[in-house]
Amino acid sequence: MKAKQQRTPPLLSDFAPFDLLEPPALERITASVRPIHAARGELLVQRDDRARGVHLVVDGDVKCFVLSPSGSEKIVRIAGSGAFFGEDAALLDRPHVVNAQAMRACELLLVPTAALRAAMDASHRFCTAMGLHLAAASHDLMSTLQLQLQLSSTQRVAHYLTRLAPEDAEHCEIHLETDKQTIAAQLNLTPETLSRVLAHFVREGLIRPRGRRGMVLSKLSQLRTCAAH
């Protein structure tokens with residue numbers, strides 16, 4: 001009988017910006033890291049929980065979301081493999097402002113706040129990289145808010161679809177990143193509204209469904225114009 005091969009545990013140094021740390025600092029922060037296995041649907045962080053540290057997604061997808069008064073989800077971001085979340089609350093020593101839930105089985109590493117701060121003190125390069133990461137996360141959040149507050153439902157869907165296509169393409173086939181309910185929550189739309197907009201694009205000849213999550217974007221220049229106006 002063939003022996004079952006054990007998977008090599010993930011190393012913190014495999015992920016940016018932790019790869020910038022010198023060996024002594026990397027050893028110290030690695031010693032405090034806790035691996036987490038999350039089942040699909042498992043809640044990793046609840047709003048108003050005190051942050052214990054930064055969650056690094058080794059494998060899987062985690063949605064960060066808030067709930068509206070009616071109970072519907074509004075997705076702020078989706079953290080995939082190599083991304084981390086909760087760094088704002090951890091570094092400020094404040095409660096989380098969003099919930100975080102595994103969208104499928106996930107492997108994560110929890111880096112405690114004290115260890116993260118010590119590593120930032122020990123390495124100027126690492127500290128700078130963390131600052132740039134936080135700036136990028138803030139910029140992405142502002143862009144998401146602008147998208148949700150200033151654009152119509154049709155513009156939001158057109159913007160989402162064109163983002164999945166090469167910049168210079170006029171015709172291409174794409175695969176939707178997730179199910180339509182999750183996409184609707186990302187765009188601050190109801191699933192019904194998303195379906196109506198997609199049906200409109202099909203009637204106009206701008207897109208063609210292909211399989212469960214496949215889609216052909218037939219007239220990308222028109223979709224880009226729609227997203228901008």
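**Exercise 1. Find the residue in strand 8 that stands opposite His-55, then describe the sheet around this pair.**

*Solution.* The residue across from His-55 is Leu-110, in strand 8. Keep in mind as you work that the model is predicted.

Step 1: look at the two strands. Strand 3 and strand 8 (residues 106–112) run antiparallel and are joined by six bridges.

Step 2: widen the view. The open sheet has four strands, ordered 1-8-3-6, with antiparallel pairing. Strand 1 (34–38) and strand 6 (84–85) are the edge strands, each pairing on one side only.

Step 3: see what lies against the sheet. Helix 3 (residues 113–122) packs on it, touching strand 3 and strand 8. The direction of helix 3 makes about 65 degrees with that of strand 8.

**Exercise 2. Decide whether Val-57 is buried or exposed, and list its contacts beyond four places in sequence.**

*Solution.* Start by placing the residue: Val-57 belongs to strand 3 (residues 53–59).

Step 1: check the accessibility. Val-57 counts as buried because its relative accessibility is 0%, and the cut-off for buried is under 20%.

Step 2: collect the contacts. Leaving aside neighbours within four places in sequence, Val-57 is in contact with Phe-15, Val-62, Ala-79, Gly-80, Ser-81, Gly-82, Ala-83, Phe-85, Glu-107 and Leu-108.

Step 3: take one of these contacts, Ala-83. Ala-83 and Val-57 are 26 residues apart along the chain, yet their C-alpha atoms are separated by 5.6 Å.

**Exercise 3. Work out which residues of helix 3 are buried and where they sit around the axis.**

*Solution.* Here a little helix geometry helps.

Step 1: name the buried residues of helix 3, which are Thr-113, Ala-115, Leu-116, Ala-119 and Met-120.

Step 2: place them around the axis. These residues cover an arc of only 165 degrees, so they lie on the same side of helix 3. An α-helix has 3.6 residues a turn, so residues three or four places apart point the same way.

Step 3: turn to the other side of helix 3, where Ala-114 and Asp-121 are exposed.

Step 4: ask what does the covering. The buried residues of helix 3 are covered by elements including helix 1 (23–32), strand 3, helix 2, strand 8 and helix 4 (124–150).

**Exercise 4. The structure holds four salt bridges. For three of them, locate the partners and give their exposure.**

*Solution.* Take the pairs one by one.

Step 1: Asp-93 and Arg-50 meet through their side chains in a salt bridge (3.9 Å, N to O). Asp-93 is in the loop between helix 2 (87–92) and strand 7 (99–102), while Arg-50 is in the loop between strand 2 (43–45) and strand 3, so the pair ties together parts 43 residues apart in sequence. Asp-93 counts as partly exposed, at 46% relative accessibility.

Step 2: the side chains of Arg-104 and Asp-61 also form a salt bridge (3.1 Å, N to O). This pair links distant parts of the chain, 43 residues apart: Arg-104 in the loop between strand 7 and strand 8, and Asp-61 in the loop between strand 3 and strand 4 (62–67). Arg-104 is partly exposed at 37%, and Asp-61 is partly exposed at 25%.

Step 3: in the salt bridge of Lys-63 with Glu-73, the closest N and O atoms are 2.9 Å apart. Lys-63 lies in strand 4 and Glu-73 in strand 5 (residues 73–79), so their pairing ties together parts ten residues apart in sequence. Lys-63 counts as buried at 13% relative accessibility, whereas Glu-73 is partly exposed at 26%.

**Exercise 5. Trace how strand 9 and Leu-161 take part in the largest nonpolar core.**

*Solution.* Begin with the members and then follow the strand.

Step 1: the core has 26 residues, and Val-157, Leu-161, Phe-201, Ile-207, Met-215, Leu-217 and Leu-223 touch the most other members. At least two residues come from each of helix 5 (153–163), strand 9 (172–175), helix 6 (180–186), helix 7 (191–203), strand 11 (214–217) and helix 8 (220–228).

Step 2: read the faces of strand 9. Cys-172 and Ile-174 point to one face and are buried, while Glu-173 and His-175 point to the other and are not.

Step 3: find the neighbouring strand. Strand 9 and strand 11 run antiparallel, joined by four bridges, and the bridge partner of Ile-174 is Met-215.

Step 4: bring in Leu-161. Beyond four places in sequence, Leu-161 is in contact with Ile-174, Leu-176, Leu-198, Phe-201, Ile-207, Met-215 and Leu-217.

How values were computed
Residues are numbered from 1 along each chain as its sequence is written. This is a predicted model: local features need pLDDT of at least 70, side-chain atom pairs count only at pLDDT 80 or more; totals for chains, interfaces and linings use all residues. Side-chain values use heavy atoms; hydrogens and water are left out. A nonpolar core is a set of buried Ala, Val, Leu, Ile, Met, Phe, Trp, Tyr and Cys residues joined through side-chain atoms within 4.5 Å. Buried means under 20% relative accessible area, exposed over 50%, partly exposed in between (1.4 Å probe, protein chains only). Contact means heavy atoms within 4.5 Å. Two strands pair if DSSP finds at least two bridges between them. Axes are lines fitted to C-alpha atoms, for helices over the stretch in contact, and angles run from 0 to 180 degrees between N-to-C directions. The arc is that of the directions from the helix axis to the C-beta atoms.
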